[in-house]
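Here is a short dialogue between a learner and a teacher on how to read a structural model.

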Amino acid sequence: MVSTLGKKESIPKVSIRQLKAARALLLWSQEDLSEHADVSVPTIKRLESKDGPLGGYQDTREKLISALQRGGVEFLDENGGGAGVRLRRQTAKRPPG
């Protein structure tokens, strides 16, 4: 993603557990994530078969994380309570008028 200042936005460091939890929050299968991120299912299966930090190529990590963020997930940094994920709050739509 590129910001308006032309600097590349930082992609958060994400663990495999956060990736799986994010998929679960969105009710996405590995196939759904594959479709949204343009990453192959075998790659997702390989990455999710391990534990620890999300591995793979930087481009692949960025695609996966960005797809989940577009889906509404926020990745939470380690802040004493542990790293995690949550869904962004939906803003209430006002009726026209």
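The turns below go from the whole chain to a strand and then to a residue.

Q: What should be kept in mind about the model and its numbering?
A: This is a predicted model, in which local features need pLDDT of at least 70 and side-chain atom pairs count only at pLDDT 80 or more, while totals for chains, interfaces and linings use all residues. Residues are numbered from 1 along each chain as its sequence is written, and side-chain values use heavy atoms, with hydrogens and water left out.

Q: Which elements does the chain contain, and in what order do they run?
A: Helices (H or I, at least four residues) and strands (E, at least two) are DSSP runs, numbered from the N terminus. The chain has four helices and two strands, in the order α-α-α-α-β-β from the N terminus on.

Q: Where do the side chains of strand S1 point?
A: In a regular strand the side chains alternate between the two faces of the sheet. Along S1 (residues 73–76), Val73 and Phe75 point to one face and are buried (under 20% relative accessible area, 1.4 Å probe, protein chains only), whereas Glu74 and Leu76 point to the other face and are not buried.

Q: How do S1 and S2 pair?
A: Two strands pair if DSSP finds at least two bridges between them; S1 and S2 (residues 84–87) do so in the antiparallel sense over four bridges, and the bridge partner of Glu74 in S2 is Arg86.

Q: Why does Leu76 count as partly exposed?
A: Leu76 counts as partly exposed because its relative accessibility is 27%, and partly exposed lies between buried and exposed, the latter being over 50%. Leaving aside neighbours within four places in sequence, Leu76 is in contact (heavy atoms within 4.5 Å) with Gln18, Ala83, Gly84, Val85 and Arg86.
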